[in-house]
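Colleague: I would like a close look at a single part of this model, the disulfides, with enough of the surroundings to place them. Please go through it step by step for a first-year student.

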Amino acid sequence: MAKQKIMKEFFLLFAVICSSVSSDEWKATVVKSIDALVGSCVVVPCSFSHTGGNLPSSRLRGIWHEKNDKKSNIYHEDPILIKDDFKGRTKMLGELGQNNCTLEITQIRIHDNGPFCFQVELVRTENNDPTKDKFSFVEDCVELNMITEPPKPTLIQPKTATQGEPYIVTCSVIHTCPTHVPKLTWNMDSTKVIVHHKDIKHGNWETQSILTVIPEEKDDNREITCTAEFNGGLKSPETFTLHVKRIENCNHIIIPAVVGIGTALLFGIFCIFMEKKYK
């Protein structure tokens, strides 16, 4: 069985190598442009395919390089072959055997613009010796849009809260680093906060925090702030003013009515007394 498996992998690898000379045999899906927050991180979605079918990861080597210089590697499994500026900052997240070439870049710097391209290399032996059988997807590269200020969260809330009734506020922020999601915090204590993470495609993700509070009369005109803290320590707050509608209970009706009736009775008695006195 072991020999059959080795022979199967060999023939599959041979078929891929034979077909690698034609660009029509290779396809890559890489997001063309993606925002990257300076000081934080970014994850670049990437996938590829070829007519030879899937190969085990041990038979593939993934490399990311600058578009204008295939020897300027920003990622390589051999750290020595990575540009000094990118050493320790890049990581392949995807499994090449599953045709996933997703890349993570951390500690984003202002000049990390790119464009960067993925290259796949076919490895013939277990010791991963370099070969000439490789393909660079230079027509499918990614460019990073540098952002120096962290994006502000978005707040969604009803205009008015009602005293003693649940009040729900949603705070959300868009980011491009799902491996180190932003942390959303509130300046208001609550026992009920729900956090969601959502893939909104093209390398963009949304982190959402849903706050539920029971406002009291004393909370009227109070400022509520949601703060997004990004990987690298940058923070961005968003604030709104809470308006609380007071519930009118029976006391607000009965007490003034009693006072009014009492005053009228006293005034009536006083008038009768004065009338009898001066007759």
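Modeller: A residue is called buried when its relative accessible area is under 20%, and exposed when that area is over 50%. The model is a predicted one, and by this cut-off 38% of the 279 residues of the protein chain count as buried. The chain has 20 strands and two helices. Its exposed surface comes to about 16700 Å², with 56% of that supplied by carbon and sulfur atoms. Among contacts between residues at least 6 apart in sequence, 64% join residues at least 24 apart.

Now the disulfides. A disulfide is a covalent bond between the sulfur atoms of two cysteines. The structure holds four of them. If the bonded cysteines are numbered in sequence order, the pairing reads 1-7, 2-3, 4-5, 6-8. Three of the bonds are described here in turn, each with its ends, its handedness and its cover.

Start with C46 and C101, which form a disulfide with sulfur atoms 1.9 Å apart. The torsion about this S-S bond is about -75 degrees, so the disulfide is left-handed. C46 belongs to strand β4 (residues 46–50), while C101 sits in the loop between β7 (90–92) and β8 (103–105); the bond therefore ties together parts that are 55 residues apart in sequence. C46 is buried, at a relative accessible area of 4%, and C101 is buried as well, at 0%.

Next come C117 and C141, also joined as a disulfide, with 1.9 Å between the sulfur atoms. Here the torsion about the S-S bond is about 95 degrees, so this disulfide is right-handed. C117 is part of strand β9, and C141 is in the loop between β10 (134–136) and β11, so the pair ties together parts that are 24 residues apart in sequence. C117 has 0% relative accessibility and counts as buried. C141 is buried with a relative accessible area of 10%.

The elements around this second bond can be followed further. Strand β9 (residues 116–122) gives four residues to the largest nonpolar core, which is the largest share of that core. The core has 31 residues, and those touching the most other members are F48, W64, F118, V120, F137, V142 and L144. As a general point, nonpolar side chains tend to be buried together in soluble globular proteins. One of the residues just listed, L144, is found on strand β11 (residues 143–147), where L144 and M146 make up the covered face. The uncovered face of β11 consists of E143, N145 and I147. Strand β11 also pairs with strand β2 (residues 33–37), in the parallel sense and over five bridges. In that pairing, S33 stands opposite E143.

The third bond joins C171 to C226, with an S to S distance of 2.0 Å. Its torsion is about -80 degrees, so it is left-handed. C171 lies in strand β14 (residues 167–175) and C226 in strand β18, so this pair ties together parts that are 55 residues apart in sequence. Both ends are buried: C171 has a relative accessible area of 0%, and C226 has one of 0%.

C226 can be placed in two further ways, by its core and by its sheet. A second nonpolar core, separate from the largest one, has 19 residues, including V169, L211, C226 and A228. As for the sheet, three strands form an open one in the order β15-β18-β19, with antiparallel pairing. β15 (183–186) and β19 (235–242) are its edge strands, each pairing on one side only. On average, neighbouring strands of this sheet are turned by 20 degrees against each other, direction ignored. Within the sheet, strand β18 (residues 222–229) is joined to β15 by four bridges, and the two run antiparallel. C226 takes part here too, as the bridge partner of W186.

To put the three bonds side by side: C46 with C101 is left-handed, C117 with C141 is right-handed, and C171 with C226 is left-handed. C226 thus has three roles in this account: it is bonded to C171, it is a member of the second core, and it is the bridge partner of W186.

Note on methods
Residues are numbered from 1 along each chain as its sequence is written. This is a predicted model: local features need pLDDT of at least 70, side-chain atom pairs count only at pLDDT 80 or more; totals for chains, interfaces and linings use all residues. Side-chain values use heavy atoms; hydrogens and water are left out. Buried means under 20% relative accessible area, exposed over 50%, partly exposed in between (1.4 Å probe, protein chains only). Two strands pair if DSSP finds at least two bridges between them. Axes are lines fitted to C-alpha atoms, for helices over the stretch in contact, and angles run from 0 to 180 degrees between N-to-C directions. A nonpolar core is a set of buried Ala, Val, Leu, Ile, Met, Phe, Trp, Tyr and Cys residues joined through side-chain atoms within 4.5 Å. Contact means heavy atoms within 4.5 Å. Accessible areas come from the Shrake-Rupley method with a 1.4 Å probe; for residues, only the protein chains shown count as cover. A disulfide is a pair of cysteine sulfur atoms within 2.5 Å.
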